[in-house]
Amino acid sequence: MAALFLLPALVLLGALVVYPIGYSVVRSFYDQSGDGFAGFDNYQALFTDDGIRTALKNNIIWVVFAPTVATALGLVFAVLTERVRWGTAFKLVVFMPMAISMLAAGIIFRLVYDQDPDKGVANAVWVGVHDTFAQSSAFPKAHPGRESPLEPAGGGAFVTKETVGAGDRVTLPLVGVAPDLMPDGAKPAAAPKPEDDRITGSTWQDFTRGKGVGTLNQVDPAELGYAGMRIEAVKDGSVVETATAAGDGTFSFSSKADGAHLRLPADNFTEPYNGLDWLGPSLVTPAIIGSYIWMWAGFAMVLIAAGLAGMPRELLEAARVDGANEWQVFRRVTVPLLAPVLAVVTVTLMINVLKVFDLVFIIAPGSSQDDANVLALELYRKGFSEDQPGVASAIAVFLLLLVIPVMWFNVRRLRREVRR
């Protein structure tokens, strides 16, 4: 009777699990055509093929970091949300990514990690923080035009060809910045006004749209000042005074700059900071792991919160009565009592990350997909793109062998729990 009731399930398991595993094992010993016996050549390729070795290295990184970080975050969220009234709402928000498919999450994070700060959220935040402490230049393309009083000073800076003296009016015309890219604080440029005891000057965009419009090296009505441009007075190789151009491009120096050259330092012309290349070769794997943690930290939190709900509260109170602070209660009481739950979460996530495919396939661009490669993705590429079904089957068998020890550990742990 028992066999009769189990038969439908056994048939399904045999057809959908046992037979494919057996077929993959057999297929892993055949060559590309499927007719010739290749022996262990396909398994040898697992340790000689560069793509597979990179995938194996990345899988190790995934197994070490992704489950650990996701479980740790889930533990922190579960413990902290117990102490706030809006904890349920917070748990709902954190768990919500689990409702999103891997495909959708991959598309979302492909946009999040976009290199352009105007599109990618990650770089928008990173550039915003960077520019708070190190403001980027507004004039990265500016340079002297024809017949300019400026000449290159090396390292991207420009310096006046002649020295300046008290009462001089100095013009520092530049070109190269499109009018629509000028700083927000830029105003119509103004010619410097003479002052007997000071050196006055103006730096501006010496360009007016339209053929034959405007006068070279002279301020014209439609031209804008270089607001915020920094100018240095350099004498005998030392900076004796510094000035910053106003919105209309005007600036002035005291008599200390008499006999000095005026220099526009290179930091006026540095390219604006464009953030990190999240999907470049060096960061693509940590970036994808971050998206995985975003999805699965909620799963870990819910399971750990369920374990917390069943924890004997008198033990926590006893520890507090004995003089333990909250950190000691957490480290010496809460975590040991949650050890079985933490083991379940960690082992489940380890099995899950060994099979990760969707996120890597979607998020990693073609230029860095080799660097983000994992075994499941390499299996797909060998089997369907490179037409090497024997090697793909060997990778599948290898993945199964990697999962078996983790499953065996989980089964043993469950049996111990049942005996208790």
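Me: Which residues does Thr200 touch, not counting residues up to four places away in sequence, and what makes each of these a contact?

Reply: In this predicted model, Thr200 touches Asp168, Arg169, Val170, Pro192, Lys193, Pro194, Glu195, Phe251 and Ser252, with residues up to four places away in sequence not counted. Each pair is a contact because heavy atoms of the two residues come within 4.5 Å.

Me: Why is Thr200 called buried?

Reply: The relative accessibility of Thr200 is 4%. The limit for a buried residue is under 20%, and Thr200 therefore counts as buried.

Me: How do you know that Thr200 takes part in strand pairing, and what is its bridge partner in β7?

Reply: Thr200 lies in strand β4, residues 199-205. Its bridge partner in β7 is Ser252, which also appears among the residues that Thr200 touches. Two strands need at least two bridges to count as paired. β4 and β7 have 4 bridges, in the antiparallel sense, so they meet that condition.

Me: What makes β3 and β7 edge strands?

Reply: The open sheet here has 3 strands in the order β3-β4-β7, with mixed pairing. β3 (169-174) and β7 (250-253) each pair on one side only, and this makes them its edge strands. On average, neighbouring strands of this sheet are turned by 20° against each other, direction ignored.

Me: Which strands are the edge strands of the sheet of 5 strands, and what makes them so?

Reply: That sheet is open, has the order β1-β2-β8-β5-β6 and pairs in the antiparallel sense. The strands that pair on one side only are β1 (150-154) and β6 (238-244), and these are its edge strands. The average turn between neighbouring strands of this sheet is 35°, again with direction ignored.

Me: How do you know that β5 pairs with β6 and with β8?

Reply: The condition is at least two bridges between the strands. Strand β5 (residues 230-235) is joined to β6 by 6 bridges, running antiparallel, and Arg230 stands opposite Thr244 in β6. With strand β8 (residues 261-264), β5 pairs over 3 bridges, also in the antiparallel sense. Leu262 in β8 is the bridge partner of Ala233. Both bridge counts satisfy the condition, so both are pairings. The hairpin of β5 and β6 has 2 residues between the strands, and there Asp236 takes a positive phi near 55°.

Me: Why does Asn123 count as buried, whereas Asp50 is called exposed?

Reply: Asn123 has its place in helix α6, residues 121-133. Its relative accessibility is 0%, and the limit is under 20%, so Asn123 is buried. Leaving aside neighbours within four places in sequence, Asn123 is in contact with Val112, Asp114, Gln115, Pro117, Asn274, Gly275, Leu276 and Trp278. Asp50 is found in helix α3. Its relative accessible area is 53%; an exposed residue has over 50%, and Asp50 is therefore exposed.

Me: Which residues of helix α12 are buried, and what do they pack against?

Reply: Helix α12 covers residues 375-385, and its buried residues are Leu375, Ala376, Leu377, Glu378, Arg381 and Lys382. Each is called buried because its relative accessible area is under 20%. Residues three or four places apart in an α-helix point the same way, because there are 3.6 residues a turn. The buried residues of α12 pack against α3 (50-81), α11 (358-363) and α13 (389-419). Just after α12, Asp387 takes a positive phi of about 55°.

Me: What makes up the lining of the largest pocket, by class and by element?

Reply: The space in this pocket is about 300 Å³. Of the 14 residues that line it, the closest to its centre are Val79, Arg83, Arg320, Glu326 and Thr334. Two or more lining residues come from each of α3, α8 (313-321) and α9 (326-337). The largest share, 5 residues, belongs to α9. By class, the lining has 8 nonpolar, 1 polar and 5 charged residues. Among the residues closest to the centre, Arg83, Arg320 and Glu326 are charged because Arg and Glu belong to that class, whereas Val79 is nonpolar.

Terms used: Residues numbered from 1 in each chain as written. Predicted model: local features only at pLDDT ≥ 70, side-chain atom pairs only at ≥ 80, totals over all residues. Heavy atoms only, no water. Buried < 20%, exposed > 50% of the residue type's maximum accessible area, 1.4 Å probe, protein only. Axes fitted to C-alpha atoms, helices over the stretch in contact; angles between N-to-C directions. 1 Å grid on protein atoms, 1.4 Å probe; cavity = no way out; pocket = protein on both sides within 12 Å on 5 of 7 lines; lining within 4 Å. Points joined across faces, edges and corners; volume = space filled by probe spheres on them.
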